[in-house]
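Here is a short briefing to read alongside the model you have open. Have the viewer ready, and we will go from the overall fold to the charged pairs.

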Amino acid sequence: MKQIIIINVFTIILILFINACSDSNTSSPTKEENQDEISTVCTNPQFEGTWINEDEETRGITKAIIWIYNDMYKIHMWGQCHPEDCDWGINSVDISDAADCTLNLKWEPGFVIETQKIIYLTDGRMKIEGHNHYIDNSGRDDYDYIYYFLKL
């Protein structure tokens, strides 16, 4: 009887230990953790869909809708404006550009040249890394940004 109790206690401790180890290895990062640690290695990027910036208070890109048409990714973006978000319009990139789970875009609305990398992350989010280079003689400094998006 004593041996059965010891074996049961040992089994319970072992199960608790295994569960604790597996939980700590599969937790998703919080906003406070370094989000650049997320792997971008993927084999089947799921860019298509409606994406919302996970930062509801962003002053940058708020939404992106991505779909495929005639072997091209079509990307429609909006930026933070008041009272409604500003419509950036639609940009396109060849579907083969996504082979490395990254889409490379260039926006040229006339006052800025904005280059972007749209990266599909293995945790199901999308990351947009961008660079703004102003060409309107406004004296504004160029800058880089990173935003993370969740699929609706």
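The protein has one helix and eight strands, and you are looking at a predicted model. Along the sequence, the order of these elements is α-β-β-β-β-β-β-β-β. Once you have that layout in view, the points below fill in the surface, the contacts and the salt bridges.

**Fold, burial and surface**

- The helix comes ahead of the strands in the sequence pattern, which reads α-β-β-β-β-β-β-β-β.
- The protein contains 152 residues, and 31% of them are buried.
- About 10,200 Å² of the protein is exposed, with carbon and sulfur atoms supplying 55% of that area.
- If you count contacts between residues at least 6 apart in sequence, 37% of them join residues at least 24 apart.

**A salt bridge between two loops**

- How many salt bridges does a search of the whole structure find? The search finds four.
- One of them pairs Arg 125 with Glu 54, with 3.3 Å between the closest N and O atoms.
- Arg 125 sits in the loop between strand E6 (112-120) and strand E7 (126-134), while Glu 54 sits in the loop between strand E1 (49-53) and strand E2 (61-69), so this pair ties together parts that are 71 residues apart in sequence.
- Are Arg 125 and Glu 54 buried or exposed? Both residues are buried.

**Lys 127 and Glu 129**

- Lys 127 and Glu 129 also meet through their side chains in a salt bridge, at 3.0 Å from N to O.
- The two partners fall into separate burial classes: Lys 127 has 7% relative accessibility and so counts as buried, since the cut-off for buried is under 20%.
- Glu 129, at 26% relative accessibility, counts as partly exposed.

**Arg 140 and Asp 136, and a shared network**

- Arg 140 forms a salt bridge with Asp 136, and their closest N and O atoms are 2.6 Å apart.
- Arg 140 is partly exposed, with a relative accessible area of 41%.
- Asp 136 is partly exposed as well, with a relative accessible area of 28%.
- Elsewhere, Glu 54, Asp 123 and Arg 125 are joined into one network by salt bridges that share partners.
- For a good view of that network, start from the buried pair Arg 125 and Glu 54, then add Asp 123, which belongs to the network too.

How values were computed:
Residues numbered from 1 in each chain as written. Predicted model: local features only at pLDDT ≥ 70, side-chain atom pairs only at ≥ 80, totals over all residues. Heavy atoms only, no water. Helix = DSSP H or I, 4+ residues; strand = E, 2+ residues; numbered from the N terminus. Buried < 20%, exposed > 50% of the residue type's maximum accessible area, 1.4 Å probe, protein only. Contact = heavy atoms within 4.5 Å. Areas by Shrake-Rupley, 256 points an atom, 1.4 Å probe, with all protein chains shown as cover.
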